[in-house]
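User: Could you walk me through the terms used for this model? I would like to hear the reasoning behind each label.

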Amino acid sequence: MKIGEKIKKAREAKGLSQKEVSLVLKMDQSQYSKIENNKTDPQLSTIEKIAKALSITAAELFTADEVFK
């Protein structure tokens with residue numbers, strides 16, 4: 001599973017919409033959508049910001065398959 005898929009899985013497990021997360025990140029929703037759909041590779045700093053917005057650690061994002069079933 002790619003990082004975008006893991007981010008999406010974590011976001012859905014938290015019951016949040018892309019719009020809600022992108023607002024917290026102060027990021028355009030279309031850019032956030034590209035990350036979730038693996039159309040762009042986010043920098044590590046962006047991954048950390050997304051994890052914080054989802055109230056999880058970046059490490060949890062990388063293990064999202066097991067954490068968010």
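Analyst: Happy to help; what follows takes the labels one at a time. This is a predicted model, where local features need pLDDT of at least 70, side-chain atom pairs count only at pLDDT 80 or more, and totals for chains, interfaces and linings use all residues. Residues are numbered from 1 along each chain as its sequence is written, and side-chain values use heavy atoms, with hydrogens and water left out.

User: What makes up the secondary structure of the protein chain?

Analyst: Six helices and zero strands. Helices (H or I, at least four residues) and strands (E, at least two) are DSSP runs, numbered from the N terminus. Along the sequence the pattern therefore reads α-α-α-α-α-α.

User: Why is the protein chain called as compact as a globular protein of that length?

Analyst: The yardstick is the globule rule, 2.2 Å times the number of residues to the power 0.38, with the radius of gyration taken over C-alpha atoms. For 69 residues the rule gives 11 Å, and the radius of gyration of the protein chain is 10 Å, close to that value, so the label fits. The C-alpha atoms fill a box of roughly 30 × 20 × 20 Å along the principal axes.

User: Why is Thr-46 called buried?

Analyst: Buried means under 20% relative accessible area, exposed over 50%, and partly exposed in between (1.4 Å probe, protein chains only). Thr-46 has 17%, so it counts as buried. This residue lies in helix α4. Leaving aside neighbours within four places in sequence, Thr-46 is in contact (heavy atoms within 4.5 Å) with Met-27 and Ile-35.

User: How do you know whether Lys-6 is buried or exposed?

Analyst: Its relative accessible area is 10%, so Lys-6 is buried. Lys-6 is found in helix α1. The C-alpha atoms of Lys-6 and Thr-40, 34 residues apart along the chain, are separated by 14 Å. Across the protein chain, 35% of the 69 residues count as buried.

User: Which residues of helix α2 are buried, and why are they placed on the same side?

Analyst: In α2 (residues 18-25) they are Gln-18, Val-21, Ser-22 and Leu-25. They cover an arc of only 95° around the axis, which puts them on the same side of α2; the arc is that of the directions from the helix axis to the C-beta atoms. On the other side, Leu-23 and Val-24 are exposed. The buried residues of α2 pack against α1 (3-13), α3 (29-36) and α4 (44-53). After α2 comes Lys-26, with a positive phi near 55°.

User: What makes Asn-38 and Ser-55 worth a look?

Analyst: Both have a positive phi in a residue other than glycine: near 55° for Asn-38 and near 60° for Ser-55. Asn-38 sits in the loop between α3 and α4, and Ser-55 in the loop between α4 and α5 (58-62). At 25% relative accessible area, Asn-38 falls in the middle class, so it is partly exposed. Ser-55 has 61%, so it is exposed.

User: How are the charges of the protein chain placed?

Analyst: Lys and Arg count as positive and Asp and Glu as negative, while His and the chain ends are not counted. Each charge is placed at NZ of Lys, CZ of Arg, CG of Asp or CD of Glu. On that basis, the mean positions of the 13 positive and 10 negative charges are 3 Å apart.
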